Every structure is written in structure tokens, then in C-alpha cells.
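Biologist: Hey, can you walk me through this model? I'd like to start with the basic words before we get to details.

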Amino acid sequence: MGRNKITALLTIFLTFILFMILQPGDDPLALIRIASIVAAVVIIIIVVYTHFLWRVEPFTRFHHVVDINGKWEGI
């Protein structure tokens, strides 16, 4: 699954959860607050993941990162 698709699914999931928790009704300002909160959370998650978490053991299995540490001999 691509990063854009995961980001979109995460954003939609968080929006639905916040929408159910806050129950904004017909107030457009509440909907804007929900969208702002979700956008901020998703951006923070993406930044933390792309800078730090992709190196941690459970996440390396998803990326198939090759370990090239060691002594190499070649021409």
C-alpha cells in the first residue's frame, strides 16, 4: 500500500472517530475544528514516522530495508 493511500485512510479514520466523539451537528465551525485537529495529528504522525519510526524493528519488515552494514569486498 502506498504512503498516500495510507495517509488518506488514516485521515478518514481519525475524522470519523472525532466526528462521533464530538458530534458537531450542523455547526460548520465544529467541522472545521475537526478537520484541523485531524490534519495536525496526521502531519505529526507522518513526520515522526518518516524521520524515526521507519528504522524501528516492527516497521522495517514493511519496507524490506536491506542491511548493508558490514565489510564489503569488490572490484
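Modeller: Sure. Helices here are DSSP runs of H or I with at least four residues, and they are numbered from the N terminus. Keep in mind that this is a predicted model.

Biologist: Okay, so where does Arg3 sit?

Modeller: Arg3 is in helix H1, and that helix covers 3–22.

Biologist: Is Arg3 buried or exposed?

Modeller: Arg3 has a relative accessible area of 56%, so it counts as exposed, because the cut-off for exposed is over 50%.

Biologist: And how far apart in space are Arg3 and Lys71?

Modeller: They're 33 Å apart, C-alpha to C-alpha, with their positions 68 residues apart in sequence.

Biologist: Switching topic: how much space is in the largest pocket?

Modeller: About 380 Å³. Thirteen residues line the largest pocket, and the closest to its centre are Arg3, Ile6, Tyr49, Phe59 and His63.

Biologist: Which elements give two or more residues to that lining?

Modeller: Helices H1, H2 and H3 do.

Biologist: What kinds of residues are in the lining?

Modeller: The lining of the largest pocket has eight nonpolar residues, four polar ones and one charged.

Biologist: Now the surface. Which residues form a nonpolar patch there?

Modeller: That patch is made of Ile44, Val48, Phe52, Leu53 and Val56. Together they have about 430 Å² of accessible area.

Biologist: Where's Leu53 in all this?

Modeller: Leu53 is in the loop that runs between helix H2 (28–51) and helix H3 (57–63).

Biologist: Why does Leu53 count as partly exposed?

Modeller: Its relative accessible area is 31%, and partly exposed means in between the 20% and 50% cut-offs.

Biologist: What about the other loop, the one between H1 and H2? Which residue can you tell me about there?

Modeller: Asp27 lies in that loop. With a relative accessible area of 36%, Asp27 is partly exposed. The C-alpha atoms of Asp27 and Leu9 are separated by 24 Å, and the two residues are 18 apart along the chain.

Biologist: One more. Where is Ile32, and is it buried or exposed?

Modeller: Ile32 is in helix H2. Ile32 is exposed, as its relative accessible area is 51%.

Biologist: How far is Ile32 from His51?

Modeller: Their C-alpha atoms are separated by 28 Å, and they are 19 residues apart along the chain.

Key:
Residues numbered from 1 in each chain as written. Predicted model: local features only at pLDDT ≥ 70, side-chain atom pairs only at ≥ 80, totals over all residues. Heavy atoms only, no water. Patch = residues over 30% accessible without salt bridge, like charges linked within 9 Å, V, L, I, M, F, W, Y side chains within 5 Å. Areas by Shrake-Rupley, 256 points an atom, 1.4 Å probe, with all protein chains shown as cover. Salt bridge = Lys/Arg side-chain N within 4 Å of Asp/Glu carboxyl O. Buried < 20%, exposed > 50% of the residue type's maximum accessible area, 1.4 Å probe, protein only. 1 Å grid on protein atoms, 1.4 Å probe; cavity = no way out; pocket = protein on both sides within 12 Å on 5 of 7 lines; lining within 4 Å. Points joined across faces, edges and corners; volume = space filled by probe spheres on them. Nonpolar A, V, L, I, M, F, W, Y, C, P; charged D, E, K, R; others polar.
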